[in-house]
Amino acid sequence: MESHSNDHSSQPVDPIAAFQLANDAQARMAARVRSPWWVHALRGALVAAVVFGLGAPDSTAWMLLGVVGLIALSRRRVRDTGVAHANPDRWRFLALGAPWTIIAFGVIVAAMVFVVAVRDEPLWQVAVAAGTAGAVTLVLGPVADAAARRRMAGDLSAGAGR
């Protein structure tokens, strides 16, 4: 009987070549998920809009702009990188940049708690809290992105030393 399979089990597989091929594919994937500068800038501005909208009086439009913008930006990044919602590794990418991501998340939550707690305070305090959350998101976004890409690209190499 004739087989149409691509299984050439009679030929031995070179483990070093296979490892190098997998390493190259991992490095290409890490390079593909690199976020351009404008993504971090836009994400920072949208986070600032959400925090400002949460604390400023009559600012539902800012909150709506921030939330809808963050959702749209997230969906665009998923489309651009190919890391889909069905892919469980999308959370792994966040975990790889975890220290920076956790710091940014903590600052954002602290800013949100502050603007809710100081409802009757001057608008400039709300703006400073929103600006701080946006600036931290802007600054730590590329750092977390780079850390995650470095760890992602080096995963296979680190596994070889075990």
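**Core, helices and contacts of an all-helical predicted model**

The largest nonpolar core comprises 12 residues in all, namely Val 47, Ala 48, Val 51, Phe 52, Ala 56, Ile 108, Ala 111, Val 115, Val 126, Ala 129, Ala 130 and Ala 133. At least two residues of this core come from each of the helices α2 (37-55), α5 (98-117) and α6 (123-160). Among the core residues, Ala 48 touches Ala 130 and Gly 134 when residues up to four places away in sequence are not counted. These values, like the others in this section, were computed from a predicted model.

The secondary structure of the chain amounts to 6 helices and 0 strands, and the order of its elements from the N terminus is α-α-α-α-α-α. The chain has 162 residues, of which 30% count as buried. Where contacts join residues at least 6 apart in sequence, 78% of them link residues at least 24 apart.

One core residue, Phe 52, also takes part in an aromatic pair, and the structure holds 1 such pair. In this pair the rings of Phe 52 and Trp 62 are arranged edge-to-face, with 5.9 Å from centre to centre and 85° between the planes. Phe 52 belongs to helix α2 and Trp 62 to helix α3 (residues 60-81), so the pair ties together parts that lie 10 residues apart in sequence. The two partners can also be described by their accessibility: Phe 52 is buried because its relative accessible area is 18%, under the limit of 20%, whereas Trp 62 counts as partly exposed because its value of 44% falls between 20% and 50%.

Helix α3, in which Trp 62 lies, has 22 residues and extends 32 Å from its first C-alpha to its last, close to the 32 Å expected at 1.5 Å a residue. The buried residues of α3 are Gly 66, Gly 69, Leu 73, Arg 77 and Thr 81. Viewed down the axis of α3, these buried residues fall within an arc of 75°, so they line one face of the helix. On the face of α3 turned away from this buried side are the exposed residues Thr 60, Ala 61, Leu 64, Arg 75 and Arg 79.

Two further buried positions lie in helices that contribute to the core. His 40 is located in helix α2 and is buried, with a relative accessible area of 4%. With its neighbours within four places in sequence left aside, His 40 is in contact with Ser 35, Leu 138, Gly 141, Pro 142 and Asp 145. Ala 148, for its part, is found in helix α6, where its relative accessible area of 1% makes it buried. A separation of 8.1 Å lies between the C-alpha atoms of Ala 148 and Ala 98, although these residues are 50 residues apart along the chain.

An unreviewed UniProt entry places the feature "transmembrane region" at residues 45-73, 93-117 and 123-144. In the model, the span of residues 45-73 is 86% helix and 0% strand, and its end C-alpha atoms lie 12 Å apart. For residues 123-144, the end C-alpha atoms are 31 Å apart, and this span is 100% helix and 0% strand.

Definitions and conventions
Residues are numbered from 1 along each chain as its sequence is written. This is a predicted model: local features need pLDDT of at least 70, side-chain atom pairs count only at pLDDT 80 or more; totals for chains, interfaces and linings use all residues. Side-chain values use heavy atoms; hydrogens and water are left out. A nonpolar core is a set of buried Ala, Val, Leu, Ile, Met, Phe, Trp, Tyr and Cys residues joined through side-chain atoms within 4.5 Å. Buried means under 20% relative accessible area, exposed over 50%, partly exposed in between (1.4 Å probe, protein chains only). Helices (H or I, at least four residues) and strands (E, at least two) are DSSP runs, numbered from the N terminus. Contact means heavy atoms within 4.5 Å. Rings of Phe, Tyr and Trp (its six-membered ring) pair if their centres lie within 6.5 Å; planes under 30 degrees apart count as stacked, over 60 as edge-to-face and the rest as tilted. The expected span of a helix is 1.5 Å times one less than its number of residues. The arc is that of the directions from the helix axis to the C-beta atoms. UniProt positions are given in the numbering used here, feature names are shortened, and annotations may be inferred rather than shown by experiment.
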